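Hi everyone, thanks for coming. I'd like to walk you through one model today, starting with the empty space inside and ending with the strands.

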Amino acid sequence: MNLKGITWLLLLCLSLCSSYGLEEEEDMELERQLKLINKTPLKTIQTENGDVIDCIDIHKQLAFDHPLLKNHKIQIRPSFPLKGVTNEASSMANPIRVGLKGKGCPTRTVPIRRTRKEDLLRSKTFASIHPNTREVPGSHFATLETLKPTNDPDSVLHGAKAHINVYNPRVAADQTSTGQMWVENGPFINSIQAGWIVSPPLYGDHSTRLFTAWTADGYHRTGCWNTLCPGFVQVDKKVYLGEAFSKTSVYNGDQYEMIFHIYQDLVTGNWWFVCTPDNIHVGYWPKSIFTDLAKGASMVSWGGRTSGAPEATSAEMGSGKLPDGQYHHACFFRQIQFVNASYALQDPDEDRTREIIDKPDCYDLKYYGDQGGEMGHTFLFGGPGGNCGS
């Protein structure tokens, strides 16, 4: 073999060795991160849908790895009940019950969905192509927004509530579709989100799941989905973030719904996440991890979001059908309310409420105002997706 051939072989060897070394370093880094995320459980539970749930000492959960929560005192329950909560049952939809069977995790422990290596890899890829912000290519919205009063600069909002119809829209392997609420404030986008989600890029399946997300800077350096980073403090021992729903609604058939609240504690300023008809306080985002949201919210929103590759067709939203006035056809929100400056639930003020639909050929939202009784303020949203453009 001549000198040129030997040189080529040496370069190839160096390239392969370098590539192998890089992969090995990346694998070691993933293992290190998994050890930080997955705390040592006192008990492990395997769910019917294949999730592994670790019961973690409530004082040793990932939340307290956050540098601003080193000396945080856990708040087990809200300082005062939220004013005006009724959770009126509906004759048109069945409530979805969530949570571990039986008594859940042991006392003084909390359920955390175990993160596997493939989950971590997917979450990193997902974060890069599905940034959880609104103005990105391939992301589409149909939302109803309520703003704080403009004539009173000191008046803020302290949360939102809704009964959300739950579906399982069709999505491709790289797409996501949600039905959710947003609570937001500030030029740096302090945001809390919660609702249901179908996301193969995040979970590796097509199940409809319970989700939350948060950020203190528009997802640049802070925030994540569920409990993939320090921040959210879990206190309930049965309901866990990322749980798959066993039942979802069927077009023109049986309907199912979830009740969600996100509200700020009157005394501590922490932001509670509450779900189910039993008003289970799953946990909270501490006031200290936010800047602008520490003072309250400037806007709350309800609706749906889809995301995927900008050049591809878009996913279904809601039931996959456009609103037609029929509550068994399109996905509905009912009894939508916000938490006002007096920390009480209040119906939307139509003068400060607006519909936002960025791709009306693919999705729509119809707000019907106050329908009275079990419906309250309600709207239908969703659509088939398709060639929506970026």
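Before the cavities, a word on residue classes: Ala, Val, Leu, Ile, Met, Phe, Trp, Tyr, Cys and Pro count as nonpolar, Asp, Glu, Lys and Arg as charged, and the others, Gly among them, as polar. Please keep in mind that this is a predicted model, where local features need pLDDT of at least 70, side-chain atom pairs count only at pLDDT 80 or more, and totals for chains, interfaces and linings use all residues. Residues are numbered from 1 along each chain as its sequence is written, and side-chain values use heavy atoms, with hydrogens and water left out.

So, how is empty space defined here? On a 1 Å grid over the protein atoms alone, a cavity is a set of points where a 1.4 Å probe fits but cannot get out, while a pocket is an open set with protein on both sides within 12 Å along at least five of seven lines; lining residues have an atom within 4 Å of a point. Grid points are joined across faces, edges and corners, and a volume is the space filled by probe spheres set on the points.

How many cavities of 30 Å³ or more are there? The count is three. The largest cavity holds about 160 Å³. Its lining has 16 residues, and Arg113, Thr115, Tyr203, Asn226 and Leu228 lie nearest the centre. By class, that lining has seven nonpolar, six polar and three charged residues. At least two lining residues each come from β4 (109–113), α2 (117–129) and α3 (200–203); helices (H or I, at least four residues) and strands (E, at least two) are DSSP runs, numbered from the N terminus.

The second largest cavity has a volume of about 110 Å³. Of the 15 residues lining this one, Ile37, Ile56, Gln61, Leu62 and Ile112 are the closest to its centre. Here β2 (52–57) and β4 are the elements giving two or more residues.

Now the open space. The second largest pocket has a volume of about 420 Å³ and is lined by 16 residues, with Thr47, Glu48, Gly99, Lys101 and Glu243 nearest its centre. That pocket's lining divides into six nonpolar, six polar and four charged residues.

On to the fold. The protein has three helices and 20 strands. Two strands pair if DSSP finds at least two bridges between them. One open sheet has seven strands in the order β10-β9-β8-β7-β15-β5-β18, with antiparallel pairing. At its edges stand β10 (224–225) and β18 (353–357), each with a single partner strand, so one side of each is left without a neighbour in the sheet. Within this sheet, eight bridges join β8 (residues 190–198) to β9 (residues 208–215), and Ile192 stands opposite Trp214 in β9.

Finally, is β14 (residues 280–285) mostly buried or exposed? Five of its six residues are buried (under 20% relative accessible area, 1.4 Å probe, protein chains only), so β14 is largely enclosed by the rest of the structure. Five antiparallel bridges join β13 (residues 271–275) to β14, where Val274 has His281 as its bridge partner. Four residues lie between the strands of this hairpin, and Thr276 takes a positive phi near 75 degrees. Strand β11 (residues 233–234) also joins β14, through two bridges, with Val233 partnered by Tyr284.

Definitions and conventions: Buried < 20%, exposed > 50% of the residue type's maximum accessible area, 1.4 Å probe, protein only.
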